[in-house]
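Let's walk through this one together, a piece at a time. Have the sequence and the 3D view open side by side as you read.

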Amino acid sequence: MSNIEDEAMEMNLGEKASRHFIEQIIDKDLADGSVGLVKTRFPPDPNGYLHIGHAKSILLNYGLAKQYGGQFNLRFDDTNPVKIKSEYIDSMIEDIRWLGADWEERLFYASNYFPQMYEDAIKLIKKGKAYVSDLTASQIREYRGTFTEPGENDPHRERSISENLELFQAMKNGVFAEGEKVLRAKIDMASPNINLRDPVIYRIVKKPHNNTGDTWCIYPMYDYSHPIQDAIEGITHSICTLEFEDHRPLYDWVLRELEYDPAPQQIEFAKLFLTNTVTGKRYIRKLVEDGIVDGWDDPRLVSIAALRRRGFTPESIKLFVDLCGVSKSQSSVDYAALEYCIREDLKLKCPRLMAILDPIKLIITNYPEDKTEEFTVPNNLENEALGERKVTFSRELYIERDDFMEEAPKKYFRLFPGNEVRLMNAYFVTCTDFEKDENGNITTVYATYDPETKSGSGFNARKVKGTIHWVSAKESINAEVRLYENIVDEEKGMYDENGNLNLNQNSLVVLKECRLEKAFKNAAAYDRFQFVRNGYFCVDAKLNTEEGKVFNRIVSLKSSFTLPSK
């Protein structure tokens with residue numbers, strides 16, 4: 001793991017020991033009066049689903065606005081009509097709301113500002129700061145130069161203001177085909193910063209827009225439109241990730257040339273990279289289209305929707321983001337750290353119930369066939385507030401297949417012929433026999449119970465080393481349980497020699513015949529439980545039906561990750 005341990009050393013869980021660099025900038029701006037009300041925003045491009053990296057940006061921007069008594073805006077950067085889908089917008093709204101970020105009534109769309117952006121482009125042309133070019137995209141790249149060589153001036157760079165105004169108006173009116181002309185900012189083709197070498201600020205796209213329909217056939221580029229959007233909304237601190245650091249001079253140029261005052265301040269921070277996870281929209285889209293996953297919210301992914309469906313909580317995501325910290329240093333965080341955070345969040349929240357994932361029958365031969373008992377069992381020994389429940393005990397039970405061995409090795413303390421174990425919250429039982437099917441698989445285990453060892457009776461005449469869980473065969477319910485691993489084959493690495501994902505063929509294991517105690521009967525979508533000895537699980541919101549419940553394993557009970565001590 002990378003610098004997450006260093007970050008963790010500087011904080012108690014969820015509690016920052018010192019103010020990060022963005023807070024220090026805002027403190028200074030407030031102190032010197034350059035900023036009054038702090039205003040931040042989260043501006044997603046609605047061309048896919050949000051992922052865990054976006055969660056850091058959402059919580060950072062919203063958290064800063066809340067911390068300083070300011071305002072937080074949600075704004076969709078819908079400047080490219082080709083990739084926008086209502087599905088993506090709806091999912092983002094749901095995800096951001098689920099994380100707890102409140103934009104109140106301030107939901108905006110970049111497309112609402114298209115008229116202002118067009119007028120601003122006219123202003124740049126009139127100032128001699130923008131011109132219409134006939135170069136193709138490949139020619140523009142060729143003219144741009146390299147990191148070590150300056151670019152060459154566009155042959156159309158010195159067109160007159162009147163000609164540029166006429167051509168730009170014609171672009172807007174649909175006279176030209178896609179790619180035939182673009183509007184470029186006129187800055188400096190010899191700039192060491194390639195982003196300032198006359199970037200394209202408008203292009204022709206003859207496709208209907210999700211919000212504006214056929215009103216426009218020219219659309220602004222991100223580097224031009226984004227600072228204008230921030231300025232219109234009065235954003236004070238435009239917080240973005242480090243890949244935009246080299247774009248900041250262009251951001252400032254747009255605001256300066258258009259004379260926006262006060263101008264927003266762009267601040268960059270390091271992205272959140274999670275090891276061996278798929279966040280690229282291109283890869284996820286292919287996984288969806290190829291049917292490898294069942295959607296952008298497949299629980300093997302780390303989209304926010306997928307994490308929610310798998311059973312992660314907003315609190316666990318916030319804990320994880322706090323643990324990672326805010327800095328300018330790029331680093332990767334081990335997925336185990338995210339799992340640590342969900343365990344920490346759920347351990348006192350979830351009832352701990354018994355579920356058998358790979359059942360074999362246990363018959364207690366000396367227990368009356370027509371008898372049942374109810375044991376009162378605490379739902380969580382560490383949290384009395386979760387109350388108690390009744391667990392039914394009977395002659396025929398189900399236990400985990402792994403809890404019985406025909407020939408047991410040393411230090412195996414569960415059931416094997418002649419061995420005695422404790423049935424959790426019930427009785428001691430001793431294995432007496434077992435049966436196999438024609439393939440040699442164990443089908444039934446037989447045992448006797450000691451009625452003097454009833455749980456809660458105070459019996460302490462002897463001790464047993466093994467305790468196993470169980471459910472009543474008569475009153476348990478059937479359920480499907482899904483066990484997940486990383487969708488990437490970690491041993492082979494993320495990508496093969498052709499740039500394709502190395503997929504883990506065991507990333508999903510579906511168990512169809514699981515047996516759960518009756519307390520699960522009324523479990524609803526997103527309800528979370530600890531399955532005793534098996535991990536934390538959540539009712540799947542997509543596959544669950546009244547006919548049969550489906551549970552996703554959120555995380556196992558144990559991990560090698562521990563929070564470093566201070």
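Which residue forms a salt bridge with D134? That would be R159, and the closest N and O atoms of the two are 2.8 Å apart. Keep in mind that this is a predicted model. The contact ties together distant parts of the chain, with the partners 25 residues apart. R159 sits in the loop between α6 (137–144) and α7 (161–172), while D134 sits in the loop between β6 (130–133) and α6. R159 counts as buried because its relative accessibility is 16%, under the 20% cut-off. D134 has a relative accessible area of 26%, so it is partly exposed.

Let's step back for the overall picture. The protein has 566 residues, and 52% of the residues are buried. Its secondary structure comes to 13 helices and 29 strands. Along the principal axes, the C-alpha atoms fill a box of roughly 100 × 55 × 45 Å.

Now for some strands. Try β4 (residues 71–76): five of its six residues are buried, so the strand is largely enclosed by the rest of the structure. β4 pairs with strand β3 (residues 39–42) in the parallel sense, over four bridges. If you want a spot to zoom in on, K39 has Q71 in β4 as its bridge partner.

Further along the chain there is an open sheet of seven strands with mixed pairing, and the order to trace is β23-β20-β21-β22-β16-β19-β24. Which strands stand at the edges? They are β23 (467–468) and β24 (471–472); each has a single partner strand, so one side of each is left without a neighbour in the sheet. Inside that order, β21 (residues 428–436) and β22 (residues 442–450) run antiparallel to each other and pair over eight bridges. One bridge to look for is D433 with Y446, the latter in β22. While you're looking at strands, here's a handy rule: in a regular strand the side chains alternate between the two faces of the sheet.

Just past that edge, E475 lies in the loop between β24 and β25. E475 is partly exposed because its relative accessibility is 30%, which falls between the 20% and 50% cut-offs. Its C-alpha atom is separated by 14 Å from that of I399, a residue 76 positions away along the chain.

Back to charges. Side chains of opposite charge can pair when their charged atoms come close. The salt-bridge count for this model comes to 47. Another of them joins K512 and E480, with the closest N and O atoms 3.1 Å apart. This pair also links distant parts of the chain: K512 is in strand β26 and E480 in strand β25, 32 residues apart. E480 counts as buried, since its relative accessibility is 12%. K371 and E373 also meet in a salt bridge, at 4.0 Å from N to O. K371 is partly exposed at 31% relative accessibility, whereas E373 is buried at 11%. For something more elaborate, find D294, D297, R309, D540 and K542, which are linked in a network of salt bridges.

Charges on the surface can also gather with their own kind. D334, E485, E490 and E491 form a negative surface patch. E491 is in the loop between β25 (477–484) and β26 (508–516). E491 counts as exposed because its relative accessibility is 79%, over the 50% cut-off.

Finally, some backbone oddities. Most residues other than glycine have a negative phi, and most peptide bonds are trans. Where is there a cis peptide bond? Look between D261 and P262, where omega is about 5 degrees. P262 lies in the loop between α9 (248–257) and β11 (265–269). The loop between α9 and β11 also holds E259, a residue other than glycine with a positive phi near 60 degrees. E259 counts as exposed at 54% relative accessibility. Y526 has a positive phi too, about 75 degrees, although it is not a glycine. You'll find Y526 in the loop between β26 and β27 (528–531), and it is partly exposed with a relative accessible area of 31%.

How values were computed. Residues are numbered from 1 along each chain as its sequence is written. This is a predicted model: local features need pLDDT of at least 70, side-chain atom pairs count only at pLDDT 80 or more; totals for chains, interfaces and linings use all residues. Side-chain values use heavy atoms; hydrogens and water are left out. Patches are made of residues with over 30% relative accessible area and no salt bridge: like charges are joined within 9 Å, nonpolar side chains (Val, Leu, Ile, Met, Phe, Trp, Tyr) within 5 Å. Accessible areas come from the Shrake-Rupley method with a 1.4 Å probe; for residues, only the protein chains shown count as cover. A salt bridge is a side-chain nitrogen of Lys or Arg within 4 Å of a carboxyl oxygen of Asp or Glu. Lys and Arg count as positive and Asp and Glu as negative; His and the chain ends are not counted. The place of a charge is taken as NZ of Lys, CZ of Arg, CG of Asp or CD of Glu. Helices (H or I, at least four residues) and strands (E, at least two) are DSSP runs, numbered from the N terminus. Buried means under 20% relative accessible area, exposed over 50%, partly exposed in between (1.4 Å probe, protein chains only). Two strands pair if DSSP finds at least two bridges between them.
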